[in-house]
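User: I would like to go through this model and ask what stands behind each label. Please keep the answers short.

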There are 2 protein chains.
Amino acid sequence: MSKLRPIDRSSFEPPYAQVARGMRERIVNGEYRAGDRLPSEAELCALYGVSRMTVRRAVTLLTQDGVVYTENGRGTFVRAPELGAATFDLASLRRLVDDAATTVKIIEARIVPPSPRVCRKLAVDDESYVVAIKRVLSSAGEPVFYHSEYLVFDPRRPLVEAEYGVTALRDLLANAGKSGFKYGRLRLDASTLTETEASYLAEEPGVSAWVIEHLFYDFENRPVSWGRFIGRSDRLDLSTTVGVPDVGNGAGG
Amino acid sequence: MSKLRPIDRSSFEPPYAQVARGMRERIVNGEYRAGDRLPSEAELCALYGVSRMTVRRAVTLLTQDGVVYTENGRGTFVRAPELGAATFDLASLRRLVDDAATTVKIIEARIVPPSPRVCRKLAVDDESYVVAIKRVLSSAGEPVFYHSEYLVFDPRRPLVEAEYGVTALRDLLANAGKSGFKYGRLRLDASTLTETEASYLAEEPGVSAWVIEHLFYDFENRPVSWGRFIGRSDRLDLSTTVGVPDVGNGAGG
DNA sequence: ATTCGATACCTGTCTAGACAGCTATGGAGA
DNA sequence: TCTCCATAGCTGTCTAGACAGGTATCGAAT
């Protein structure tokens with residue numbers, strides 16, 4: 001068990017976080033390895049001098065981070081890193097849109113009859129109309145993403161100008177739902193630039209690219225917005241970590 | 001507040017899950033919308049007839065699912081769905097490898113001097129040797145992913161045959177770490193098939209494809225394995241949901 | 001009109017104890 | 001030798017209460 005740094009009650013870091021950090025450090029140090037059983041919760045209580053709920057909170061934290069797992073009636077064990085357990089997020093896209101140096105240029109914004117594909121995606125008939133918006137996101141003057149979006153056109157609720165600009169896009173990424181969306185389905189895909197897309201992005205056609213397709217629904221579960229971002233593959237960073245790296249542990253939740 | 005289905009103490013579903021499900025349903029129904037304040041924890045205690053820790057557990061569940069957020073001193077609020085908050089996982093790759101109908105064919109497995117690129121990735125000098133393994137994953141007889149991997153060659157620990165087969169790959173995806181990995185860094189990329197890759201996958205060169213690059217480290221933080229999966233873009237499903245869809249809510253965690 | 005402090009309400013954290021259900025072990029009985 | 005059961009230890013869950021610290025409000029004093 002080796003020596004143990006006790007809980008610092010005067011620290012700003014609450015006891016449960018200190019316990020979690022302590023356990024994490026021991027795993028990083030290799031004191032406990034994949035498959036090893038950790039001390040039981042009762043033992044950890046005694047070790048750190050905290051109540052069981054506090055220990056459990058620490059263990060729960062590590063469980064959520066994929067560092068350990070528990071088996072009812074058996075104990076808590078160190079989880080082996082798994083490639084298949086990796087998750088990726090759109091943090092880099094978020095950074096791009098949040099960046100003050102990012103600008104959005106409206107290429108097109110008009111009311112059009114929907115193509116068969118858009119009809120299918122938005123579940124509207126070809127007699128109705130949709131709002132087609134095409135944008136180019138630029139970072140430091142350089143075009144980065146091409147975005148096309150189709151909104152169900154509701155004559156009773158005329159779309160305001162603001163719907164087209166940077167704000168709307170920021171809301172989509174960081175605050176959709178105020179716009180009346182209940183939920184959305186997203187799909188990530190690998191593709192290549194068409195000639196049109198390439199021209200807007202100042203690239204060669206055929207260059208490999210990311211596609212982020214999004215479909216948002218309203219509170220009646222009807223699709224209201226379908227669209228896709230496309231941008232050169234190196235414009236979106238999708239990297240992550242499995243297991244317990246030494247630095248940037250991301251603890252303290 | 002409307003009528004409320006009370007907690008069923010005889011159910012297999014524990015009270016905290018019932019409370020979470022109840023709150024979730026009210027959000028799905030639109031009773032609470034993005035930005036709305038939910039009843040305070042004390043009110044929820046009275047409403048459901050459970051203790052505050054139980055209510056908090058339910059709220060924590062919803063917070064982790066990105067359904068609500070809390071503000072200290074103010075209350076709990078419904079979170080708006082955000083495109084930028086989406087996360088993607090490798091569930092479809094996992095399914096592929098777990099599938100009994102998936103086979104792995106070793107194309108190559110030998111000890112070679114490393115290329116400059118491999119030298120850099122594995123942090124070894126060009127005097128040392130690495131084990132190069134190239135595999136093709138097939139599902140129902142059809143080639144799906146091409147996998148190349150480079151392992152640091154340690155003469156003291158000769159690699160066993162098992163290291164090359166299906167088991168090794170399954171371990172990489174679902175149980176790495178028993179192999180002595182402490183953690184790994186992954187990167188997802190969009191690319192196109194080279195001529196060699198296309199020939200193994202029975203495809204045309206230039207077809208858009210996924211690349212999953214992985215770099216695993218041992219307990220001394222030295223890289224020990226670098227490799228990449230590549231496969232046609234429609235072979236890997238990266239879709240996800242933001243907000244609270246009606247079905248497949250994924251509650252009960 | 002402005003500032004400041006008391007106050008009420010909220011979430012964040014911790015405790016000590018209780019019971020349920022699962023798992024492994026070892027001993028008694030067949 | 002084998003089977004079965006009691007038991008001990010483990011995680012899972014819940015309770016009732018406590019205190020800390022953040023937030024908004026409203027009234028008193030300036």
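Analyst: A starting point: α3(B) gives the most to the surface near DNA strand D, with four residues. Bear in mind that this is a predicted model.

User: Which other elements supply at least two residues of the surface near DNA strand D?

Analyst: Chain A brings α3, β1 (68–71) and β2 (75–78). Chain B brings α1 (15–28) along with α3.

User: What makes a residue count as near DNA strand D, and how many residues surround the strand?

Analyst: One heavy atom within 4 Å is enough. On that basis 26 residues surround DNA strand D. The closest are A:R52, B:R9, B:P15, B:T54 and B:R57.

User: Which parts of DNA strand D do the atoms within 4 Å of the protein belong to?

Analyst: Sugar or phosphate holds 69% of those atoms, and bases hold the rest.

User: Why is the pair formed by B:P15 and DNA strand D called a polar contact?

Analyst: The cut-off for a pair of N or O atoms is 3.5 Å. A backbone N or O atom of B:P15 is 2.6 Å from a phosphate oxygen of DNA strand D. The pair therefore qualifies as a polar contact. Two side chains of chain A can be tested likewise. An N or O atom in the side chain of A:R56 lies 2.9 Å from a phosphate oxygen of DNA strand D. For an N or O atom in the side chain of A:T70, the distance to a phosphate oxygen of this strand is 2.9 Å. Both values fall within 3.5 Å, so these are polar contacts too.

User: Which element gives the most to the surface near DNA strand C?

Analyst: That is α3(A), with four residues. Of the 26 residues around DNA strand C, A:R9, A:P15, A:T54, A:R57 and B:R52 come nearest. Of the strand's atoms within 4 Å of the protein, 71% are accounted for by sugar and phosphate.

User: Which backbone atoms approach a phosphate oxygen of DNA strand C?

Analyst: A polar backbone atom of A:P15 is 2.6 Å from one. For a backbone N or O atom of A:S51, the distance is 2.9 Å. Both pairs are within 3.5 Å and so count as polar contacts.

User: How do the residues of the surface near DNA strand C divide by type?

Analyst: Six are nonpolar, 10 polar and 10 charged. The surface near DNA strand D also has six nonpolar, 10 polar and 10 charged residues.

User: Why is B:S191 called buried?

Analyst: The limit for buried is under 20% relative accessible area. B:S191 has 18% relative accessibility, so the label applies. The residue lies in strand β7 (residues 183–192) of chain B. Not counting residues up to four places away in sequence, B:S191 touches A:S208, B:V207, B:S208, B:A209 and B:V211.

User: Which residues touch the most other members of the largest nonpolar core?

Analyst: They are A:L83, A:L90, B:L83 and B:L90, out of 52 residues in that core. In soluble globular proteins, nonpolar side chains tend to be buried together. Leaving aside neighbours within four places in sequence, A:L90 is in contact with residues including A:L188, A:I212, B:L83 and B:F88.

User: What does chain A contain overall, and how much of chain A is buried?

Analyst: Chain A has seven helices and 10 strands. Of its 253 residues, 46% are buried. The chain exposes about 12,600 Å², with 48% of that area supplied by carbon and sulfur atoms.

Definitions and conventions: Residues are numbered from 1 along each chain as its sequence is written. Chains are lettered from A and ligands numbered from 1 in the order in which they are written. This is a predicted model: local features need pLDDT of at least 70, side-chain atom pairs count only at pLDDT 80 or more; totals for chains, interfaces and linings use all residues. Side-chain values use heavy atoms; hydrogens and water are left out. A polar contact is a pair of N or O atoms within 3.5 Å; within protein, one must be able to donate a hydrogen and the other to accept it, and residues adjacent in sequence count only if both atoms are side-chain atoms. Ala, Val, Leu, Ile, Met, Phe, Trp, Tyr, Cys and Pro count as nonpolar, Asp, Glu, Lys and Arg as charged, and the others, Gly among them, as polar. A nonpolar core is a set of buried Ala, Val, Leu, Ile, Met, Phe, Trp, Tyr and Cys residues joined through side-chain atoms within 4.5 Å. Buried means under 20% relative accessible area, exposed over 50%, partly exposed in between (1.4 Å probe, protein chains only). Contact means heavy atoms within 4.5 Å. Accessible areas come from the Shrake-Rupley method with a 1.4 Å probe; for residues, only the protein chains shown count as cover.
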